[in-house]
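Q: I would like to learn how to read the features of a structure like this one. Could we go through it together, a feature at a time?

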Amino acid sequence: MSEGISQPDQPQPLEAHAGDKDLFSKFDDIIALREGLLSQGREDPFNLVMEKVLSPTRAICNGRETILLGTYNYMGMTFDPDVVEAGKQALADFGTGTTGSRVLNGTYQGHKECEEALREFYEMDHAMVFSTGYQANLGIISTIAGKGDYIILDIDSHASIWDGCAMGQAEVVPFKHNDIEAMEKRLKRIPEGAGKLVVLEGVYSMLGDIAPLKEMVAIAKKYGAMVLVDEAHSMGFIGENGRGVVEDAGVIDDVDFIIGTFSKSVGTVGGFCVSNHPKFEIMRLVCRPYVFTASLPPSVVATAATSIRKLMHGSNKRAHLWENSKNLHAGLRDLGFKLGTEEPQSAIIAVIMPDLEKGAHMWEALIRNGLYVNLARPPATPAGMTLLRCSLCAEHSEEEVGQILEIFEKSGKETGII
Amino acid sequence: MDRAEVDTKIRELIEPFNKKGVELKDETTFQNDLEFDSLTVMDFVAEIEDEFDIIISMNQQAEIENYGQLVDAVHKLQAGA
């Protein structure tokens, strides 16, 4: 689950108004909801413009200097001088874009180097770079699990996973979030001989909780299923080498595919899949979201490759980010806020708001006091919760975390939430 | 189990989810009459799956709009299990 503002990650059909020939009539309810929220004179939480970006943790937003606590820039690589320099150099040497598919004229030296960096980062045999993280999930899932195959997935999966399931036309069997027993029951009932793919995420981005991968991967293997784990929110941070929850749980050698993105810890845009499957390279020919789109610009793959190589040696930054996560979690809890997890499990700390209206009010107080967080609201959230989602960066200093807590205290008191 | 027995069992299972006590007929719809949201659907489907030891995939769920269709589908699935 994640970025959906007015829609859940799991796609829901919208009903058109009977007899109305305007194809847009199915959006009328959403239009009314949005107008209702804006008519209360609030700053639109979903229309924020960053006029200037000062650093990975600071920007000028709507005219105010603001601490950023709602980006996915976990490792703060966006302004790393080596990374920026690599991008500039590639822009000068290779131009602004490839204007072609990876399978035609769109594979440059930089794309190969980027895939090489990924293979080294994960110590895996194969790496395939997609133009976005969304396309990586869409492409791999839809291509490997087709009609007659079964996909068993967590109900809180990201939209790109749901869309990949729908595109491939496999039988889709969801189970209750992080429920090991519910997952096993469903695996057990799948007809004998059917192809099985279990899809899990390392970190679930709404509450910042992690999956019990040690148990879940073992069960998937017991029933002969292939396992795909999306590690979008853990790469670079979780695990000794930053390879994700699969590394931390000691199951990296048992998973068949890891999906990741360049738009979070890596600090640019793009997606990837790494695997040890002996036939993996055929994906480059049969995976439609890989074939039928232009490849990433040379500057993007150059910055990604440089950033990935730096993340291999990021253990000090990882340690500092854990400190930040622990400090923010403890600080918010001590102020009396209700949090999404008992203990900090990732770089995401979700603050649970009493309802949407109070949540929107609190979001606005925070932004006026100089702090940006993500407002996450139903139907994109689990169990209809309204959340203020805080995502930390390794470049947040200890003092900044202190400032963040002061702003939360001030805003929480202004709005009567604490 | 014959269709009537499946019907009786599902009536029992649906009770805690039927908060408004809507009368169940074959044409009662889950979305409009019973007002099930996606989370309720997941919990309710899980109950049925566990009771009958079957899988109702989301692809199959998409074809089931009303109560009668559910009873038919479960009757068919459990007979094949």
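A: Happily! Let us begin with an idea we will need for packing: two residues are in contact if their C-beta atoms, placed from the backbone, lie within 7 Å. Keep in mind that this is a predicted model.

Q: Which residues of H12(A) and H14(A) meet under that rule?
A: From H12(A) come Asn324(A), Asn327(A), Leu328(A), Gly331(A), Leu332(A) and Leu335(A), and they meet Val401(A), Ile404(A), Leu405(A), Phe408(A), Glu409(A) and Gly412(A) of H14(A). Sorted by class, this contact of H12(A) with H14(A) holds seven nonpolar, four polar and one charged residues.

Q: How do I read the geometry of such a pair? At what angle do the axes of H12(A) and H14(A) cross?
A: The general idea is to look at the angle between N-to-C directions, where angles under 35 degrees count as roughly parallel. Here the axes of H12(A) and helix H14 (residues 398–414) of chain A cross at roughly 25 degrees and come within 10 Å. H12(A) is therefore roughly parallel to H14(A). As for handedness, H12(A) passes H14(A) in a right-handed crossing.

Q: Let me try another pair. How do helix H3 and helix H11 of chain A pack?
A: Helix H3 (residues 109–122) and helix H11 (residues 298–311) of chain A have axes 9 Å apart, at an angle of about 20 degrees. H3(A) and H11(A) are therefore roughly parallel to each other. Their crossing, with H3(A) passing H11(A), is left-handed. On the H3(A) side the contact is made by Gly110(A), His111(A), Glu113(A), Cys114(A), Ala117(A), Leu118(A) and Phe121(A), while H11(A) brings Pro298(A), Val301(A), Ala302(A), Ala304(A), Ala305(A), Ile308(A) and Arg309(A). That contact of H3(A) with H11(A) counts ten nonpolar, two polar and two charged residues.

Q: And in chain B, are H1(B) and H2(B) parallel or oblique?
A: Use the angle again: helix H1 (residues 3–14) and helix H2 (residues 38–52) of chain B pack at about 140 degrees, with axes 10 Å apart. Since only angles over 145 count as roughly antiparallel, H1(B) is therefore oblique to H2(B). H1(B) passes H2(B) in a right-handed crossing. Lys9(B), Ile10(B), Leu13(B) and Ile14(B) of H1(B) make the contact with Phe44(B), Glu47(B), Ile48(B) and Glu51(B) of H2(B). By class, the contact of H1(B) with H2(B) has five nonpolar, no polar and three charged residues.

Q: Now the wider view. How is chain A divided by the domain assignment?
A: A domain may be built from separate stretches of sequence, as domain 1 of chain A is: it takes 47–75 + 315–414, and domain 2 takes 81–311. The centres of the two domains of chain A, taken over C-alpha atoms, are 27 Å apart. Where they touch, 18 residues of domain 1 of chain A are in contact with 20 residues of domain 2 of chain A.

Q: Which elements give two or more residues to the side of domain 1 of chain A that touches domain 2?
A: Helix H12 (315–335) and strand S14 (348–353) of chain A do. S14(A) gives the most, with three residues. The make-up of this side of domain 1 of chain A is eleven nonpolar, six polar and one charged residues.

Q: How many residues does each chain give to the contact between them?
A: Chain A gives 15 residues and chain B gives eleven residues. On the side of chain A that touches chain B, strand S6 (171–175) and helix H6 (180–189) of chain A are the elements with two or more residues. That side of chain A has eight nonpolar, two polar and five charged residues.

Q: What does the record add about chain B?
A: UniProt, in an unreviewed entry, places "domain: Carrier" at residues 1–78 of chain B. In the model, that span of chain B is 55% helix and 0% strand, and its end C-alpha atoms lie 8 Å apart.

Q: Last, the backbone: which peptide bond is cis?
A: Omega is the angle to check, and it is near 10 degrees for the cis bond from Pro378(A) to Pro379(A). Pro379(A) sits in the loop between strand S16 (374–376) and strand S17 (386–391) of chain A.

Note on methods:
Residues are numbered from 1 along each chain as its sequence is written. Chains are lettered from A and ligands numbered from 1 in the order in which they are written. This is a predicted model: local features need pLDDT of at least 70, side-chain atom pairs count only at pLDDT 80 or more; totals for chains, interfaces and linings use all residues. Axes are lines fitted to C-alpha atoms, for helices over the stretch in contact, and angles run from 0 to 180 degrees between N-to-C directions. Helices (H or I, at least four residues) and strands (E, at least two) are DSSP runs, numbered from the N terminus. Angles under 35 degrees count as roughly parallel, over 145 as roughly antiparallel, 65 to 115 as roughly perpendicular and the rest as oblique. A crossing is left-handed if the near helix is turned anticlockwise from the far one by less than a right angle, and right-handed if clockwise. Ala, Val, Leu, Ile, Met, Phe, Trp, Tyr, Cys and Pro count as nonpolar, Asp, Glu, Lys and Arg as charged, and the others, Gly among them, as polar. Domain bounds come from an automatic or database domain assignment. UniProt positions are given in the numbering used here, feature names are shortened, and annotations may be inferred rather than shown by experiment.
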